[in-house]
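Okay, thanks for making time this morning. Could you bring the model up on the big screen before I start talking?

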Amino acid sequence: MAAKGCKTIGVLTSGGDAPGMNAAIRAVVRTAIHEGMKVKGIMRGYAGLLEEEIVDMDTTSVSDIISRGGTILYTARCAEFVTEEGQKRGAEICRKNGIDGIVIIGGDGSFRGAGKLSALGINCVGVPGTIDLDIACTDYTIGFDTAVNTAMEAIDKIRDTSTSHERCSIIEVMGRRAGYIALWCAIANGAEEVLLPERYDGDEQAIINRIIESRKHGKKHYIIINAEGVGQSQSMAQRIEAATGIETRATILGHMQRGGSPTATDRYYASLMGARAAEILRDGGSNRVVAHNHGQIVDYDIREALAMKKDIPEDAFRIAQLLVR
Ligand code: ADP
Ligand code: F6P
């Protein structure tokens, strides 16, 4: 079938990697080829574009990757692409390689770059890929579900040892400036306390009082999920131990949350979103971001998407706290 819009598209992953990115790449490549377009893989995000690390892809290039974490195209952060000269050079390199559209799998920063490239005449479509869930236009981002499940399993394990030793445990989860991973873990792990950058007022004395109170009522452990955006887990543990007399340990889960085989949810939505992005380019669309809202795959203008705001769900935050009191 002849393509109405783009003839040759590129696909790249940018920013922090996320489990499910490979499923999205696979869907982009196979949908585009099905729709009569050629596909080129751009390695290492915008950095690879500027270095012209561009490879031809066919349906077999994406065989056996749906279950793999990470991204077969590698990813990077690229300061040069934030400059106007970098973006112009990127557009020139696209033209030189016959690329008239690109699917960009990444977060808000990557979409800003996609918006700039669209304005320079390269049709761009963003697909939300980040474990942080911090993209306002969508209620799902690729990798979040896997990351939450990975963190949840780790926290369950810490809870076992925390109970045995009758300790307090502070577990720091990723999320950059957003508290979604922390909130989900707080509910899924039944944590006594959750500290979110969007809500935490810094009142450590109140936490200390609640720990002492819960110990009086016979609780054997005290699990505090602390979001990366609040941070300070190690020093907080020292202060809590000094104030309560209860042994307190901090664990920073770190990059393990970004790895591993994606869950079915991440494979499923990454596949639908990647396919939709390729279809938008087939139809000549540009400057769009694919999103998931109320059970539907939709798409928005990049500028509108970047102007949207979202906050953690107040009801979930309230319930996270009441279920452990
Ligand atoms: P994420 O996409 O996960 O939000 P970053 O914020 O690190 O991750 O952005 C990824 C890359 O996108 C950056 O390294 C840079 O190359 C590009 N980028 C970010 N902001 C802009 C911008 N304002 N203009 C152009 N490119 C940008
Ligand atoms: O955006 C994903 C993320 O893992 C954040 O949660 C975290 O703040 C950041 O990336 C870590 O980045 P890096 O891999 O560069 O340390």
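I'll go through the pocket and then the two ligands.

Quick housekeeping: this is a predicted model, where local features need pLDDT of at least 70, side-chain atom pairs count only at pLDDT 80 or more, and totals for chains, interfaces and linings use all residues. Residues are numbered from 1 along each chain as its sequence is written, chains are lettered from A and ligands numbered from 1 in the order in which they are written, and side-chain values use heavy atoms, with hydrogens and water left out.

So, the largest pocket. By pocket I mean, on a 1 Å grid over the protein atoms alone, an open set of points where a 1.4 Å probe fits, with protein on both sides within 12 Å along at least five of seven lines. Its volume is about 990 Å³, taken as the space filled by probe spheres set on the points, which are joined across faces, edges and corners. There are 41 lining residues, and Gly107, Asp108, Gly109, Asp134 and Arg176 are the closest to the centre; lining means having an atom within 4 Å of a point. As for helices (DSSP runs of H or I, at least four residues, numbered from the N terminus), α2 (45-50), α4 and α10 (302-307) each supply at least two lining residues, and α4 gives the most, with 6. By class, the lining splits into 16 nonpolar, 10 polar and 15 charged. Here Ala, Val, Leu, Ile, Met, Phe, Trp, Tyr, Cys and Pro are nonpolar, Asp, Glu, Lys and Arg are charged, and the others, Gly among them, are polar.

Now, ligand 1. It sits in that largest pocket, where sitting means more than half of its atoms lie within 2 Å of the grid points. Around ligand 1 are 16 residues, counted if a heavy atom lies within 4 Å. Helix α4 (residues 108-119) brings 6 of that shell, the largest share. For polar contacts (N or O pairs within 3.5 Å), oxygen atoms of ligand 1 have a backbone N or O of Cys78 at 2.6 Å, a polar side-chain atom of Arg77 at 2.9 Å and a backbone N or O of Gly109 at 3.0 Å. On its own, ligand 1 exposes 560 Å², and the protein buries 83% of that, using Shrake-Rupley with a 1.4 Å probe.

And where does ligand 2 go? Into the largest pocket too. Its neighbours include Arg77, Asp132, Arg176, Glu228 and His255, and by class the shell has 2 nonpolar, 3 polar and 5 charged residues. Arg77 turns up again, with a polar side-chain atom 2.8 Å from an oxygen of ligand 2. Side-chain N or O atoms of Glu228 and His255 also face ligand oxygens, at 2.7 Å and 2.9 Å. The protein covers 76% of the 400 Å² that ligand 2 has accessible on its own.

Methods
A polar contact is a pair of N or O atoms within 3.5 Å; within protein, one must be able to donate a hydrogen and the other to accept it, and residues adjacent in sequence count only if both atoms are side-chain atoms.
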